[in-house]
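Visitor: I am new to protein structures and would like a close look at one part. Could you start with the surroundings of the ligand and then walk me outward from there?

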Amino acid sequence: MGTVREAVVEMLRERGMGTIFGNPGSTELPMLSEFPEDFRYVLGLQEAVAVGMADGYAQASGRPTLVNLHTAPGLGNGMGAIFNAQANHSPVVVTAGQQHRSLMTLQANLTNRDAVRMPHPLVKWSYEPPRAEDVPHALARATHLAGLAPRGPVFLSIPMDDWAVELPDAEEVRHQTTRTVSGAALPAPAVLEELARRLAQASSPALVAGPDIDASGGWEAAVRLAERQRLPVYATPATGGGRIGFPEDHPLFQGILPPAVWPVGDALAAHDLVLVAGTSVFPYYPNIPGALLAPGTELVAITSDPDEAARAPMGDALVADVGLTLRALAELVEDSERTPPPARAEPEAVEVTDPMNPSTAVRTLAQVWPPDGIVVLESPSATPALRNQLRLSKPGSYYFSAGGGLGFGMPAAIGVQLACPDRPVVCVLGEGSAQYAVQAFWTAAAYRVPVTYLVLRNDEYAILKWFGMLESITGAPGLDLPALDCVAVASGYGVNARRVSDAEELETELRTAMASPAPELIEVQVTPGMALT
Ligand SMILES: Cc1ncc(C[n+]2csc(CCOP(=O)(O)OP(=O)(O)O)c2C)c(N)n1
């Protein structure tokens with residue numbers, strides 16, 4: 001038998017986990033020693049970047065993904081991104097090095113003295129194996145847990161002397177590391193039939209589509225169910241919609257639900273039954289109190305997350321795989337004779353101004369949008385405009401931080417592009433958001449990951465000014481960003497970058513950037529303020 005390191009390499013290879021993200025320190029070098037030639041190590045220059053890339057890769061590939069951090073400070077730097085991965089239901093396996101076992105009790109330098117507790121609320125499982133011999137089994141367990149519903153990050157702290165330890169029993173290790181564990185399950189037949197019956201009997205039912213439809217492969221099933229039942233379809237509020245679950249150019253698609261309590265209840269008031277699939281009920285923000293639902297509205301949620309089911313403030317819920325359940329439901333229901341809802345209006349062009357309106361910028365992007373394009377979005381004040389103008393129509397085409405922590409977009413776009421090398425990835429950023437994991441530019445350039453970064457520069461934290469207005473807050477400091485030059489910053493990291501000012505130029509540059517084999521950045525000056533259309 002070989003060493004712990006050899007057993008782990010073998011296990012990762014068999015599980016298709018040979019792409020590893022990380023930022024190393026001395027405590028991680030033993031893990032990386034003799035790094036296999038068929039593996040790929042993707043270096044992030046800060047841990048928010050390493051974890052964000054792993055999050056994007058895990059979501060877009062659908063596979064648990066390993067990211068290795070440097071003991072306590074590395075884990076600390078990565079925590080905001082781990083929070084995002086948890087909200088995104090992203091199967092990220094976080095490992096961090098630890099001091100030599102013999103030096104932990106005296107707390108030598110670099111000891112992560114409470115490693116298991118450190119990421120605790122953000123991960124499904126946090127562990128430090130009691131013996132070196134347990135590392136392969138613990139990593140197998142972590143990987144299963146990350147991939148089981150609700151998917152999410154897990155954490156393992158691994159003392160640096162464990163990797164070279166010889167494993168005594170090859171057969172035992174083989175058992176521990178080659179198991180498969182599957183967890184996608186349907187609801188009980190009676191529960192499903194009852195739901196189909198409620199749908200058939202409703203006079204004006206609707207569907208709310210959430211991110212887990214896309215993550216669970218339920219896209220076509222959601223379309224089939226909506227078409228058979230002629231359901232108007234809404235997207236879950238953009239705040240928590242880390243992915244989109246329904247084609248936004250479909251005639252049944254009605255738009256995105258507003259994010260706060262009263263407006264959601266009001267938007268759904270015309271429906272007697274609301275079927276919610278693959279989202280929490282609901283990712284509300286800000287606080288606009290009111291009735292959760294109108295008196296005549298009932299709600300049923302399908303979620304793979306028992307916590308989402310339990311914490312919902314209204315409606316019934318069933319816990320099951322969202323894709324499988326939608327598929328089964330689409331087969332159970334009959335074709336409905338209900339009148340389908342009127343189609344949504346086409347997105348309108350906005351007035352041409354100088355500098356251009358952010359809606360014009362995202363409309364220009366829509367005009368050159370390739371059919372298989374993927375957008376990674378972190379441009380807070382332009383989110384509604386982008387969703388309205390772009391109207392994505394294919395699964396796996398949209399990634400957004402459901403956790404709301406900035407610093408997701410730049411690295412996640414790299415992870416998504418590495419997982420989907422044949423699809424063009426465009427990352428749309430506010431210039432403020434671009435600063436939270438800005439070192440991602442280096443990874444994009446060094447590994448020639450051909451993401452197109454489109455920065456909408458408005459010289460302010462526009463969304464915060466807008467929230468300030470909603471919340472009647474005046475005189476708040478720190479909301480302006482004068483002279484923040486993303487072109488210079490990106491160039492410094494090795495990314496081709498340029499500034500454009502009019503829509504025609506933007507169109508040309510977008511086409512060039514999307515065709516380039518290297519990462520490219522286009523910064524466009526836009527008018528300040530929120531872009532709603
Ligand atoms: C880690 C983190 N820190 C702070 C915030 C608060 N925040 C939300 S939006 C925002 C401003 C983003 O600015 P920019 O990217 O320029 O976009 P704009 O609002 O101008 O569209 C900030 C600071 C956050 N969401 N996450």
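Visitor: Which helix gives the most to the shell around the ligand, and with how many residues?

Guide: Helix H18, residues 462-470, gives the most to that shell, with three residues. Before we go on, please keep in mind that this is a predicted model, in which local features need pLDDT of at least 70 and side-chain atom pairs count only at pLDDT 80 or more, while totals for chains, interfaces and linings use all residues. Residues are numbered from 1 along each chain as its sequence is written, and side-chain values use heavy atoms, with hydrogens and water left out. Names such as H18 come from DSSP runs numbered from the N terminus: a helix (H or I) has at least four residues and a strand (E) at least two.

Let us stay with the ligand. There are 16 residues around it, and the ones that come nearest are Ser 381, Gly 404, Ser 433, Asn 458 and Ile 463. A residue belongs to these surroundings if one of its heavy atoms lies within 4 Å of the ligand. By type, the shell divides into seven nonpolar, seven polar and two charged residues. Here Ala, Val, Leu, Ile, Met, Phe, Trp, Tyr, Cys and Pro count as nonpolar, Asp, Glu, Lys and Arg as charged, and the others, Gly among them, as polar.

Some side chains make polar contacts with the ligand. A polar contact is a pair of N or O atoms within 3.5 Å; within protein, one must be able to donate a hydrogen and the other to accept it, and residues adjacent in sequence count only if both atoms are side-chain atoms. In Ser 433, a polar side-chain atom lies 2.6 Å from a ligand oxygen. For Asn 458, the distance from a side-chain N or O atom to an oxygen of the ligand is 2.8 Å, and for Glu 431 it is 3.3 Å. On its own the ligand has 590 Å² of accessible area, and the protein covers 78% of that. Such areas come from the Shrake-Rupley method with a 1.4 Å probe; for residues, only the protein chains shown count as cover.

Two residues from this neighbourhood, Ser 433 and Ile 463, lead us to Pro 380, which touches both of them as well as Leu 406 and Met 530, leaving out residues up to four places away in sequence. Touching, or contact, means heavy atoms within 4.5 Å. Pro 380 sits in the loop between strand E13 (374-378) and helix H15 (383-390). Pro 380 counts as partly exposed because its relative accessibility is 27%; buried means under 20%, exposed over 50%, and partly exposed in between (1.4 Å probe, protein chains only). Its C-alpha atom is separated by 48 Å from that of Val 173, which is 207 residues away along the chain.

Back at helix H18, we can follow the chain to Ala 483, in the loop between H18 and helix H19 (486-492). With a relative accessibility of 69%, Ala 483 counts as exposed. Its phi is positive, about 60°, although Ala 483 is not a glycine. To put that in context, most residues other than glycine have a negative phi, and most peptide bonds are trans.

Thr 71 also has a positive phi, near 30°. Thr 71 is found in helix H4, residues 71-87, and counts as buried at 0% relative accessibility. Among the residues that Asn 112 touches are Thr 71, Ala 72 and Leu 75. Asn 112 itself lies in the loop between helix H5 (101-104) and strand E5 (126-127).

What about peptide bonds? A cis bond runs from Val 281 to Phe 282, with omega near -15°, and another cis bond joins Tyr 285 and Pro 286, with omega about -5°. Phe 282 is in the loop between strand E10 (273-277) and strand E11 (298-303), and Pro 286 also lies in the loop between E10 and E11.

One last stop is the cysteines. The structure holds zero disulfides, a disulfide being a pair of cysteine sulfur atoms within 2.5 Å. The sulfur of Cys 420 is too far for a bond because the closest cysteine sulfur, in Cys 427, is 14 Å away. For Cys 427, the nearest cysteine sulfur is that of Cys 486, 11 Å away.
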